[in-house]
Amino acid sequence: MGRKFFVGGNWKCNGTTEEVKKIVTTLNEAKVPGEDVVEVVVSPPFVFLPFVKSLLRPDFHVSAQNCWVRKGGAYTGEVSAEMLVNLGIPWVIIGHSERRQLLNELNEFVGDKVAYALQQGLKVIACIGETLEQREAGTTTAVVAEQTKAIAAKISNWDNVVLAYEPVWAIGTGKVATPAQAQEVHADLRKWVHDNVSAEVAASVRIIYGGSVNGGNCKELAAQPDVDGFLVGGASLKAEFVDIINAATVKKN
């Protein structure tokens with residue numbers, strides 16, 4: 001049983017109603033492989049979630065970019081997992097490097113968030129990745145293992161988890177991990193999961209790559225044996241996102 005290719009589009013803090021309509025129209029008209037070949041999830045800002053869900057083709061799904069670590073209450077500015085479930089939003093991104101870096105979300109906090117979201121019935125795109133300093137210091141493997149360990153410590157069922165490896169130095173910088181660099185980290189991650197969770201989870205969990213993925217580099221990245229898809233930032237707002245979705249066919253051939 002192969003791992004189904006997964007393509008996520010993280011729109012980050014971008015968009016107006018008109019811009020969102022345009023992006024969704026492009027996606028709705030796109031010719032892409034069927035759901036048996038690729039799973040497509042787009043992640044608009046909170047304010048556009050119901051709007052996008054109402055317009056988007058049924059074979060594409062919608063994700064939030066974050067959610068709170070526990071049940072709702074007196075947490076001004078936060079959105080709870082229960083609210084997302086209530087709105088029929090199936091996915092959430094947790095632990096994105098921008099939240100780790102800009103909002104100081106620590107490994108353990110990310111692990112708690114992942115566990116709580118899963119308990120409420122959400123599916124989770126859990127992000128991990130090293131900074132440029134950490135890569136240059138040769139600690140990439142240790143850093144991503146530590147981040148993954150904090151998640152693994154809090155959950156027992158990985159069926160609804162996608163791991164997104166996003167080297168911080170490659171996000172929005174135009175720098176991309178080479179296919180070989182991406183494959184090396186993905187393979188190390190899979191080995192860590194094999195040794196610390198189970199062989200079964202290691203074989204089935206999807207590990208996707210994020211970091212300046214675009215229409216030009218997606219096929220070569222997709223061809224790597226342990227790269228199971230992408231979490232796409234800037235390019236997910238453009239027509240080339242369709243090319244990135246179509247890179248899933250590389251796995252079929």
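This briefing introduces helix H5, the nonpolar cores and three buried residues of the structure above. The model is a predicted one. A good place to start is H5, which gives the most residues, 6, to the largest nonpolar core.

**Helix H5**
- Helix H5 covers residues 107-119, and its 13 residues should span 18 Å at 1.5 Å a residue; the end C-alpha atoms are 19 Å apart, which agrees.
- Its buried residues are Val110, Gly111, Lys113, Val114, Ala115, Tyr116, Ala117 and Leu118.
- Several helices help to cover those buried residues, including H3 (81-86), H4 (97-102) and H7 (140-152).
- Strands take part in the cover too, among them S4 (91-94), S5 (123-128) and S6 (161-165).
- Just after H5 comes Gly121, with a positive phi of about 100°.

**The nonpolar cores**
- The largest nonpolar core holds 73 residues.
- Val52, Leu84, Val92, Val114, Trp158, Tyr209 and Phe230 have the most contacts inside this core.
- Beyond its neighbours within four places in sequence, Leu84 is in contact with Phe46, Leu49, Ala64, Asn66, Cys67, Val79, Ile89, Val92 and Leu122.
- A second core, separate from the largest one, has 10 residues, and Val41, Trp91, Ile125 and Val162 are among them.

**Asn10, in strand S1**
- Asn10 lies in strand S1, which runs over residues 5-10.
- Is Asn10 buried or exposed? Its relative accessible area is 6%, so Asn10 is buried.
- The Asn10 side chain reaches the backbone nitrogen of Lys12 at 3.0 Å.
- Not counting residues up to four places away in sequence, Asn10 touches Ser43, Gln65, Ile93, His96, Leu231, Val232, Gly233 and Ser236.

**Val32, in a loop**
- Val32 sits in the loop between helix H1 (17-29) and strand S2 (38-43).
- With 17% relative accessibility, Val32 counts as buried, because the cut-off for buried is under 20%.
- How many residues apart in sequence are Val32 and Ile245? They are 213 residues apart, yet 6.8 Å apart in space, C-alpha to C-alpha.
- Leaving aside neighbours within four places in sequence, Val32 is in contact with Arg57, Phe60, Val242, Ile245 and Asn246.

**Gln183, in helix H8**
- Gln183 is part of helix H8, residues 179-196.
- Gln183 is buried too, with a relative accessible area of 15%.
- Its contacts, apart from neighbours within four places in sequence, are Gln224, Pro225, Asp226 and Val227.

Terms used
Residues numbered from 1 in each chain as written. Predicted model: local features only at pLDDT ≥ 70, side-chain atom pairs only at ≥ 80, totals over all residues. Heavy atoms only, no water. Helix = DSSP H or I, 4+ residues; strand = E, 2+ residues; numbered from the N terminus. Expected span 1.5 Å × (residues − 1). Buried < 20%, exposed > 50% of the residue type's maximum accessible area, 1.4 Å probe, protein only. Contact = heavy atoms within 4.5 Å. Core = buried A, V, L, I, M, F, W, Y, C linked by side-chain atoms within 4.5 Å. Polar contact = N/O pair within 3.5 Å; in protein donor to acceptor, adjacent residues only side chain to side chain.
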